[in-house]
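Visitor: I'd like a close look at a single part of this protein, please. Could you take me through it slowly?

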Amino acid sequence: MYDVAIIGAGFSGAVCAERFASLGRKVLVVEKRFHVGGNAYDTFHPSGVLIHPYGPHIFHTNSESVISYLSQFTEWRPYQHRVLTSVDGQLVPFPINLRTIENVYGLKLTSDEMKAWIANQAEPILNPINVEQSMHARIGKDLYQRFFKHYTEKQWGRPATELLPTITNRIPLRYSYDDRYFTDRYQLMPLYGYSALFRNMLNRPNISILLNTDWASVKDLKIPKIICTGPIDEYFDYVHGHLPYRSLHFDFIEHPVDFAQPVATVNYPNDYDFTRITEFKHITGQRIPHITVTGVEYPQESGEPFYPVLTKESQRTLEHYQEEAKRIESHVQFVGRLGTFRYYNMDQAVASALQTVDECLNSGW
Ligand code: FAD
């Protein structure tokens, strides 16, 4: 009855479903949560404020093709994300820029002076093998201690010496006063929210969606082609062991004011058990007076798999699963954050899903 089964209705699964359906294939989407949208799902808090229950999601990309694809399903509102970090009792811009150095060290530098100053802080470590070494080599011990060490260790629940450098390498340094968190060409939020975008993508006659349904309970349906955007280790019944994920817990707090903090996100690297507090109205642009909601973010070891924990050991385990995947690639493809055990931003998840569908079609799916 169905041509393609899709496990998971986040960005990766929804793109694959929409693409196959648009080509006339009958698609069954199986989603174990009660809603579509994966971690990008948004909903209204009882106060009426639109929130992101799985953490703040800001859309940013340099890809024309991703924007033009998604623009079929949503209008957009421009939004530039800003983050402050609480260090030594003050809120300073993050990523680190000229103003951050000025606020923390009392140094008013030019761009070239900041480059020289950072180079002077940096330690000569040739081939850093973990987060700590790599940050010492990039920015030196002091900035690392103030901004990164404790945040990273809270976030990942492991010493920074056990984590691969890729985790913090993607956080830039700014030799300017540019205090935007992202510098991508397109920084936008779906005008009516992510859940509306997903409804527009998936609401079509040849897509059937089973919510509250784990793939395990329907896998005997004998659907010829499968796209798995759920965890790759789960698909193979953990034969090579579990891949480690870090999870999060959020406390959503209502405040009887228009805004509770100056920007959308404030990081707390050095105090408290939580890592950051996000105020959603800044991000969504929702105009609702005298009420706002913040999400206080606590990393935790168990719960929904959120962030792949990148260690040497997890990379070895992943390789075993990649070999298993190769054996069945003619009829099963693994896509997305959980299917490939890789941190993807939303635009990367969309681009990679579009590419997978093209490759499937080229190989006769
Ligand atoms: P997911 O969204 O995780 O979707 C996978 C789906 O599969 C889930 O709905 C899950 O329930 C379902 N599933 C799993 N197993 C099964 C099963 N056995 N049976 C049925 N269904 C199953 N990206 C950005 O670009 N900007 C941001 O600001 C940003 N912020 C983020 C903040 C947080 C806290 C997190 C965790 C991620 C953030 N991301 C952000 C990344 C973004 O969430 C991902 O790029 C995106 O969710 C990837 O989509 P996906 O479909 O691959 O995975």
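What is the order of the strands in the open sheet of seven strands?

Guide: Sure, and keep in mind that this is a predicted model. Reading across the sheet, you meet β8-β7-β13-β14-β15-β12-β16, and the pairing is mixed. The two edges are β8 (90-94) and β16 (307-308). Each of them has a single partner strand, so one side of each is left without a neighbour in the sheet.

Let's stay at the β8 edge. Its partner is β7 (residues 83-87), and the two run antiparallel, joined by five bridges. If you want a spot to find on screen, look for V87, which stands opposite Q90 in β8. As for what holds such partners together, strands of a sheet pair through backbone hydrogen bonds, either parallel or antiparallel.

Now add a helix to the picture. Helix α3 (residues 98-105) packs on this sheet and touches both β7 and β8. The direction of α3 makes about 155° with that of β8.

Next, pick out F94, which lies in strand β8. With a relative accessibility of 4%, F94 counts as buried, because the cut-off for that word is under 20%. F94 also has an aromatic partner, F148. Their ring centres are 5.6 Å apart and there is 55° between the planes, which makes the pair tilted. F148 sits in helix α6 (residues 141-156), so the pair ties together parts that are 54 residues apart in sequence. F148 is buried too, with a relative accessible area of 4%.

How does that pair fit into the whole structure? A search finds 25 aromatic pairs in total. Another one is formed by F20 and W365: the ring centres are 6.1 Å apart and the planes are at 20°, so this pair is stacked. F20 belongs to helix α1 (residues 11-22), while W365 is in the segment after α13 (346-362), 345 residues apart. Both F20 and W365 are buried. Ring pairs also link F34, Y41, Y54 and F306 into a cluster.

So, back to your close-up: β8 is at an edge of the sheet, β7 is joined to β8 by five bridges, α3 packs on the sheet, and F94 ties β8 to α6 through F148.

How values were computed. Residues are numbered from 1 along each chain as its sequence is written. This is a predicted model: local features need pLDDT of at least 70, side-chain atom pairs count only at pLDDT 80 or more; totals for chains, interfaces and linings use all residues. Side-chain values use heavy atoms; hydrogens and water are left out. Two strands pair if DSSP finds at least two bridges between them. Helices (H or I, at least four residues) and strands (E, at least two) are DSSP runs, numbered from the N terminus. Contact means heavy atoms within 4.5 Å. Axes are lines fitted to C-alpha atoms, for helices over the stretch in contact, and angles run from 0 to 180 degrees between N-to-C directions. Rings of Phe, Tyr and Trp (its six-membered ring) pair if their centres lie within 6.5 Å; planes under 30 degrees apart count as stacked, over 60 as edge-to-face and the rest as tilted. Buried means under 20% relative accessible area, exposed over 50%, partly exposed in between (1.4 Å probe, protein chains only).
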